[in-house]
Amino acid sequence: MDAAEFRRRGKEMVDYVADYLENIEKRQVYPDVEPGYLRSLIPEEAPEEAESYEDVFKDIERVIMPGVTHWHSPYFYAYFPTANSFPAMLADMLCGAIGCIGFSWAASPACTELETVMLDWLGKMLKLPEDFLAGTEGRGGGVIQGTASEATLIALLAARSKIVKLIQADHPDRSETHIISKLVAYSSDQAHSSVERAGLIGGLRMKKIPTDNKFSVRGDALQKVLEEDRATGLIPFFFCATLGTTPSCAFDCVTELGPICNAEKIWMHIDAAYAGSAFICPEFRPLLNGIEFADSFNFNPHKWLLVNFDCSAISYVISHLISLQHWQIPLGRRFRSLKIWFVFRMYGLKGLQAYIRKHVGLAKEFESLVRADQRFEISADVVLGLVCFRLKGSNELNETLLKRINNARKIHLVPCQLAGKFVLRFAVCARTTESRHVQEPETDALTCHASKLFNVFNHIFILCFSHLNTHSTS
């Protein structure tokens with residue numbers, strides 16, 4: 001493919017992508033395929049001779065699309081959002097074209113410098129303390145990771161290195177191996193599994209702190225465990241606080257936890273992977289109160305800030321800036337800051353705030369519909385764009401409900417466990433989701449005849465109605 005054909009094919013692909021996104025709600029949100037479906041659709045080996053672009057292109061619909069879960073469909077309500085916007089896609093195209101490997105300033109100055117400035121833009125939008133910003137004096141700084149999982153691991157390893165050096169400075173006779181064997185890190189029992197995995201990768205003991213009835217870690221719970229562990233000779237060194245947990249979007253009480261961590265000389269990392277984007281809105285910024293006690297802070301613009309995957313921002317309180325290659329696991333790095341630059345300039349802070357508020361409003365709208373139907377209950381506080389709900393009754397009943405919802409493939413949900421209960425999660429995800437998608441999802445001949453039976457997501461609950469009536473919901 002030469003430049004002339006690339007121009008032509010590139011325009012065709014842009015048209016295809018635009019058509020795909022404009023008409024995505026007409027596609028079945030969840031694929032109707034079995035594991036291994038794709039192998040029979042393509043050859044067992046790569047072709048010896050080159051194939052035409054036309055043949056490759058036509059196989060997108062034949063091979064790929066039948067197995068795609070359409071995360072950007074307005075009927076996708078699973079997991080958390082994955083960001084998507086036209087400015088970000090254009091920036092990603094430019095990033096791929098430039099193709100630099102920005103492991104140091106000299107390797108591509110623009111890649112390093114724009115990333116530093118963009119993380120400062122983010123920090124200022126979030127009103128982070130000055131210590132988290134690089135500015136022109138290098139008081140702190142941020143870097144883009146691939147995911148929050150990487151960010152947590154990096155913070156944990158940095159905390160481990162710091163505590164080992166501090167202890168050896170006072171006790172030169174203690175080996176690194178001996179010190180590490182005594183270290184213990186902590187997180188909420190609601191924390192994402194990646195936090196526990198970071199401990200496994202780092203070869204470190206990790207303990208979970210029990211949460212209260214709001215699924216939040218409080219100061220007294222952490223203090224109790226710290227005292228117990230110190231009494232047995234362990235060395236607490238790291239606590240990962242979560243703001244916006246994956247199961248229910250709960251918030252650990254950082255204003256209580258932070259002073260304890262500071263007093264105990266424990267590195268406090270804040271994981272706000274999903275919720276962090278909302279802190280650009282003044283009404284949600286109080287959820288970040290206590291950030292001044294933290295050593296590191298992470299959230300994912302690629303979840304809820306219209307910047308395409310992958311773009312996970314982490315900021316540190318450090319004494320000086322160092323080469324970005326030392327702030328991450330891989331040596332190389334893509335020019336990911338281009339996506340932030342394009343999106344922030346083309347939406348502006350007010351546009352991004354409006355986007356967040358729209359999603360929160362849709363979640364509140366869905367919550368009100370659930371509360372209006374006495375068959376259902378809300379299982380956790382609805383703070384941002386996630387609603388946790390269930391039918392009043394057994395876990396088995398709710399498992400059946402979720403299975404029938406997803407089998408219908410009209411919308412897509414995933415569950416969680418809260419206080420021993422099987423709970424359905426409704427997360428507003430797509431950029432194009434509107435009130436009509438919450439109020440009146442598309443129905444077909446199977447559902448429209450009974451469309452008045454329920455007030456909440458008529459089409460999915462109607463599909464379940466005949467089955468659910470055979471169970472007691474008391």
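This tour moves through one chain, stop by stop, with something to select at each.

**The whole chain**

Start with everything shown. The model is predicted. The chain holds 15 helices and 11 strands. Of its 474 residues, 51% are buried. Now turn on the surface. About 22000 Å² is exposed, and carbon and sulfur atoms supply 55% of that area. Contacts reach along the sequence too. Among contacts with a separation of 6 or more, 72% join residues 24 or more positions apart.

**Stop 1: helix α7**

Select residues 193-201, which form helix α7. Color S194, V195, A198 and G199; these residues are buried. Why do they fall on the same side of α7? They span an arc of only 150 degrees around the axis, so they share one side of the helix. Next, add L200 and I201. Both are exposed, on the face turned away from the buried side of α7.

What do the buried residues of α7 pack against? Show α5 (148-170) and three strands: β2 (183-188), β3 (205-209) and β4 (235-242). Those four elements are the packing partners of the buried residues. Before leaving, click on G203, just after α7. G203 has a positive phi of about 65 degrees.

**Stop 2: C261 in helix α9**

Select residues 254-263 for helix α9, and pick out C261 within it. Is C261 buried or exposed? Its relative accessibility is 0%, so C261 counts as buried. Now show L222, F239, I266 and M268. C261 touches each of these, leaving out residues up to four places away in sequence. Then draw a distance from C261 to P236. The two are 25 residues apart in sequence, and their C-alpha atoms are 9.4 Å apart in space.

**Stop 3: K339 in helix α11**

Move to residues 337-371, helix α11, and select K339. This lysine has a relative accessible area of 0%, so K339 is buried. Zoom in on its side chain. A polar atom there lies 3.5 Å from the backbone oxygen of F309.

Which residues is K339 in contact with, leaving aside neighbours within four places in sequence? Select A88, A91 and D92, then V307, N308, F309, D310 and C311, and finally R334. F309 therefore appears twice at this stop: through its backbone oxygen, and in the contact list of K339.

**Stop 4: helix α12**

Select residues 395-408, which make up helix α12. Its 14 residues reach 20 Å from first C-alpha to last, close to the 20 Å expected at 1.5 Å a residue. Color L397, N398, T400, L401, L402, I405 and N406: these are buried. Two asparagines, N398 and N406, are included in that buried set. Step just past the helix to R409. Its phi is positive, about 60 degrees.

**Stop 5: the β10–β11 hairpin**

Finish with residues 414-418, strand β10. In a regular strand, side chains alternate between the two faces of the sheet. Look for that pattern here. V414, C416 and L418 point to one face and are buried. P415 and Q417 point to the other face and are not buried.

Now add strand β11, residues 421-427. It pairs with β10 in the antiparallel sense, over five bridges. Which residue of β11 does C416 stand opposite? Select V423 to see the partner of C416. Last, look at the turn. Two residues lie between β10 and β11 in this hairpin. A419, in the turn, has a positive phi of about 50 degrees.

Terms used
Residues numbered from 1 in each chain as written. Predicted model: local features only at pLDDT ≥ 70, side-chain atom pairs only at ≥ 80, totals over all residues. Heavy atoms only, no water. Buried < 20%, exposed > 50% of the residue type's maximum accessible area, 1.4 Å probe, protein only. Arc of directions from axis to C-beta. Contact = heavy atoms within 4.5 Å. Expected span 1.5 Å × (residues − 1). Areas by Shrake-Rupley, 256 points an atom, 1.4 Å probe, with all protein chains shown as cover. Polar contact = N/O pair within 3.5 Å; in protein donor to acceptor, adjacent residues only side chain to side chain. Pairing = 2+ DSSP bridges.
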